[in-house]
Amino acid sequence: MKILVVGGGGREHAIIMKLAESPRAEKLYCAPGNGGISRYAECFDVKATDIDGIVALAKKLSVDMVVVAPDDPLVMGMVDALGAEGIMTFGPDKAAAIIEGSKAFSKDLMKKYGIPTAAYETFTNADEAVAYIKGQGKYPTVVKADGLALGKGVIIAQNEQEAEEAVRSIMEDKIFGESGSKLVVEEFLTGPEMSVLSFTDGNIVVPMISSMDHKRALDGDQGLNTGGMGTVAPNPFYTEAVAKECMENIFLPTIKAMKAEGRTFKGCLYFGLMLTPDGVKVIEYNCRFGDPETQVVLPLLDADLVDIFEAVYKGTLSDIDIKWKDQSCACVVMASGGYPKKYPTGLEMSGMDDKGQVDGVFVYHAGTKFTDGKFLTAGGRVLGVTATGDTLQAALDKSYEAVKKISFENAHYRTDIGKRALSAK
């Protein structure tokens with residue numbers, strides 16, 4: 001098979017490396033790709049959001065399958081456009097991708113079908129939102145932009161002043177663009193967070209190995225929210241009992257709800273969960289592989305990803321035996337100094353061996369380019385230094401050993417990835 005992967009981050013690099021293991025993957029392409037991906041797939045300078053450009057590229061290359069990885073093109077309807085040309089595509093269509101494209105839609109879906117989530121209200125007027133928050137008088141409170149915001153459209157306000165600032169910055173100052181035209185105000189839940197990606201063909205749902213993301217920029221879960229500074233898998237809080245509760249109360253009901261709404265979901269559905277004192281609740285849905293969760297989940301997959309993607313497309317997922325390695329995996333993100341705010345790009349990097357110069361490590365590229373034989377930084381999150389091990393501690397030790405061998409100016413990473421997971425055992 002000739003396969004085109006749409007996207008250019010660490011998640012796409014992880015997908016490509018797992019596809020490359022399949023004897024069925026004859027040729028891999030990526031658009032736009034990045035410096036690290038270019039070593040394993042032929043890259044084309046077509047933006048991930050350029051639907052016409054991607055369709056034209058897929059036809060020109062005569063590909064057998066397209067994997068649409070990022071949220072934007074999914075929500076925009078790229079899968080529909082490729083499907084109209086008869087091209088096998090992995091990812092949900094536009095009607096199903098709204099589960100991430102609109103937080104108000106997903107919250108209303110959960111309310112309608114009794115899927116456990118935080119109490120919430122939706123607003124299109126800033127003054128009304130502020131009045132509601134003041135009337136509730138409960139802090140912290142969660143303020144979310146309705147649309148896509150690169151995983152950063154959530155502000156946890158600690159008091160009335162912060163809450164009002166959050167509402168006005170999202171709705172009036174448009175810090176997340178048009179994503180903030182509508183707003184969701186949500187009760188603040190407490191408990192360990194769990195990420196569970198799942199394969200689904202719209203009929204059955206097969207959860208992948210669980211993971212734990214680290215969203216805050218600084219050690220001790222301090223600082224600004226980011227797209228994710230590191231991940232570990234499996235998540236120790238996601239026990240067999242919790243998994244059973246999730247399947248019965250969340251996973252299957254969500255798939256059935258989407259089907260009932262005429263929005264059958266086929267692809268990777270991501271469940272962002274919290275283990276609260278009142279049971280597991282959904283924090284968010286994503287309509288695609290999470291980043292950087294994919295970087296720790298796919299290395300532990302003991303099955304052919306090409307077979308799985310094809311089965312999802314054909315609705316035959318129940319025929320596939322999906323197994324997982326009995327190991328742990330850790331990913332430490334190396335970011336540009338200043339991320340998630342302003343940061344420089346084009347900085348030369350040293351120590352850049354794919355294997356991270358440490359046995360059992362692989363370096364996934366998130367924001368890099370390869371020019372004149374050199375790797376340069378080209379994004380906020382630059383690398384995902386990932387290792388597998390028989391224990392989580394072993395995986396973390398290897399990741400951090402590899403991190404220390406890579407350098408670029410003002411490189412920033414957290415030194416406590418996996419700490420909470422280790423203390424849970």
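In the predicted model, the structure holds 23 salt bridges. One of them joins Glu 310 to Arg 24, with the closest N and O atoms 3.0 Å apart. This pair links distant parts of the chain, since Glu 310 belongs to helix α11 and Arg 24 to the loop between α1 and β2, the two being 286 residues apart. The partners are assigned to separate accessibility classes: Glu 310 counts as buried because its relative accessibility is 15%, under the 20% limit, whereas Arg 24, at 28% relative accessibility, counts as partly exposed.

A salt bridge within a single helix is formed by the side chains of Glu 164 and Arg 168, with an N to O distance of 3.0 Å. These two residues are 4 residues apart in helix α8 (residues 160-171), and are therefore separated by about one helical turn. In an α-helix there are 3.6 residues a turn, so residues three or four places apart point the same way. Glu 164 counts as partly exposed at 26% relative accessibility, and Arg 168 likewise counts as partly exposed at 21%. Both residues also take part in a network of salt bridges, in which Glu 164 and Arg 168 are linked with Asp 127, Lys 134 and Glu 172.

A further salt bridge is found between Lys 374 and Glu 348, whose closest N and O atoms are 3.9 Å apart. Lys 374 lies in strand β21 (residues 374-377) and Glu 348 in the loop between β18 (328-336) and β19, so the pair ties together parts that are 26 residues apart in sequence. Lys 374 has a relative accessible area of 40% and is therefore partly exposed, and Glu 348, at 48% relative accessibility, also counts as partly exposed.

Turning to the secondary structure, 5 strands form an open sheet with parallel pairing, arranged in the order β3-β2-β1-β4-β5. The edges of this sheet are provided by β3 (42-43) and β5 (89-90), each of which pairs on one side only. The pairing of β3 with strand β2 (residues 27-32) is in the parallel sense and extends over 2 bridges, and Cys 30 stands opposite Cys 43 in β3. Helix α1 (residues 10-20) packs on the sheet, where it touches β1 (2-7), β2 and β4 (65-68), and its direction makes about 165° with that of β1. Helix α2 (residues 51-61) lies across β1, β2 and β4, and runs at about 165° to β1.

Helix α1 is largely enclosed by the rest of the structure, because 10 of its 11 residues are buried. The buried residues include the charged side chains of Arg 11, Glu 12 and Lys 18, together with, among others, Ile 15, Ile 16, Met 17 and Leu 19. The elements that cover the buried residues of α1 include the strands β1, β2 and β4, as well as α10 (293-297), α11 (305-314) and β19 (361-365).

A helix-to-helix contact is formed by α6 (residues 103-113) and α9 (residues 240-260), which pack at an angle of about 105° with their axes 10 Å apart. Because angles of 65 to 115 degrees count as roughly perpendicular, α6 is placed in this class relative to α9. In this contact, Phe 105, Leu 109 and Tyr 113 of α6 meet Ala 257, Met 258 and Ala 260 of α9. The residues of the contact divide into 6 nonpolar, no polar and no charged.

Methods. Residues are numbered from 1 along each chain as its sequence is written. This is a predicted model: local features need pLDDT of at least 70, side-chain atom pairs count only at pLDDT 80 or more; totals for chains, interfaces and linings use all residues. Side-chain values use heavy atoms; hydrogens and water are left out. Two strands pair if DSSP finds at least two bridges between them. Contact means heavy atoms within 4.5 Å. Axes are lines fitted to C-alpha atoms, for helices over the stretch in contact, and angles run from 0 to 180 degrees between N-to-C directions. Angles under 35 degrees count as roughly parallel, over 145 as roughly antiparallel, 65 to 115 as roughly perpendicular and the rest as oblique. Buried means under 20% relative accessible area, exposed over 50%, partly exposed in between (1.4 Å probe, protein chains only). A salt bridge is a side-chain nitrogen of Lys or Arg within 4 Å of a carboxyl oxygen of Asp or Glu.
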